Amino acid sequence: MNLLDEVLLVLDGVLGLHGRSASFDQDTPLLGAVPELDSMAVVALLTALESQFGLSIDDDDIDGATFATVGSLTAFVGRRITV
């Protein structure tokens with residue numbers, strides 16, 4: 001399984017998308033486009049990503065651009081894994 005697929009699984013589970021993420025690709029907009037991704041869901045998503053990938057994410061590490069698209073979120077996770 002590649003990183004994109006793993007991020008999509010986390011998104012699907014945290015947001016309760018019931019498989020809708022299977023139709024998402026790198027360019028799929030997130031923040032403002034997926035109603036389930038509200039401010040509380042962002043916190044839950046970050047916690048799940050930390051758990052899934054063994055990351056430690058500080059508030060200063062993220063901004064709105066991180067959640068712009070599936071690709072931007074996946075790239076963020078990829079950069080954090082290699083840090």
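This passage describes how the helices of a predicted model pack together and where a few individual residues sit. Residues are numbered from 1 along each chain as its sequence is written, and side-chain values use heavy atoms, with hydrogens and water left out. Because the model is predicted, local features need pLDDT of at least 70 and side-chain atom pairs count only at pLDDT 80 or more, while totals for chains, interfaces and linings use all residues.

A good place to start is the pairing of helices, where helices are DSSP runs of H or I with at least four residues, numbered from the N terminus. Two packed helices are described by the angle between their axes and the distance between the axes. Here the axes are lines fitted to C-alpha atoms over the stretch in contact, and angles run from 0 to 180 degrees between N-to-C directions. Helix H1 (residues 3-15) packs against helix H3 (residues 70-82) at about 110°, the axes lying 10 Å apart. H1 is therefore roughly perpendicular to H3, a term for angles of 65 to 115 degrees; angles under 35 count as roughly parallel, over 145 as roughly antiparallel, and the rest as oblique. The crossing of these two helices is right-handed, that is, the near helix is turned clockwise from the far one by less than a right angle. From H1, the contact (heavy atoms within 4.5 Å) draws on Leu3, Leu4, Val7, Leu8 and Leu11, and from H3 on Val70, Leu73, Thr74, Val77, Gly78 and Ile81. By class, these residues comprise 9 nonpolar, 2 polar and no charged; Ala, Val, Leu, Ile, Met, Phe, Trp, Tyr, Cys and Pro count as nonpolar, Asp, Glu, Lys and Arg as charged, and the others, Gly among them, as polar.

Thr74, in helix H3, deserves a closer look. Its relative accessibility is 7%, so Thr74 counts as buried, meaning under 20% relative accessible area, with exposed being over 50% and partly exposed in between (1.4 Å probe, protein chains only). Leaving aside residues up to four places away in sequence, Thr74 touches Leu3, Leu4 and Val7.

H3 also packs with H2, at an angle of about 45° and with 11 Å between the axes. H2 is therefore oblique to H3, and H2 passes H3 in a right-handed crossing. Leu45, Leu49 and Phe53 of H2 meet Leu73, Val77 and Ile81 of H3. This contact has 6 nonpolar residues, with no polar and no charged ones.

The largest nonpolar core (buried Ala, Val, Leu, Ile, Met, Phe, Trp, Tyr and Cys residues joined through side-chain atoms within 4.5 Å) has 24 residues, and those with the most contacts inside it are Leu11, Leu30, Leu37, Leu45 and Leu73. H1, H2 (39-53) and H3 are the elements that give two or more residues to this core. Leu37 touches Leu15, Leu30, Leu31, Val42, Leu45 and Phe67, again not counting residues up to four places away in sequence.

Some residues sit in more open settings. Gly13 of helix H1 is exposed, at 56% relative accessible area. Between Gly13 and Ala48, 35 residues apart in sequence, the C-alpha to C-alpha distance is 9.2 Å. His18 belongs to the loop between H1 and H2 and is exposed, with a relative accessible area of 75%. Most residues other than glycine have a negative phi. His18, however, has a positive phi, near 50°. Ala65, in the loop between H2 and H3, is likewise exposed, at 52% relative accessibility.
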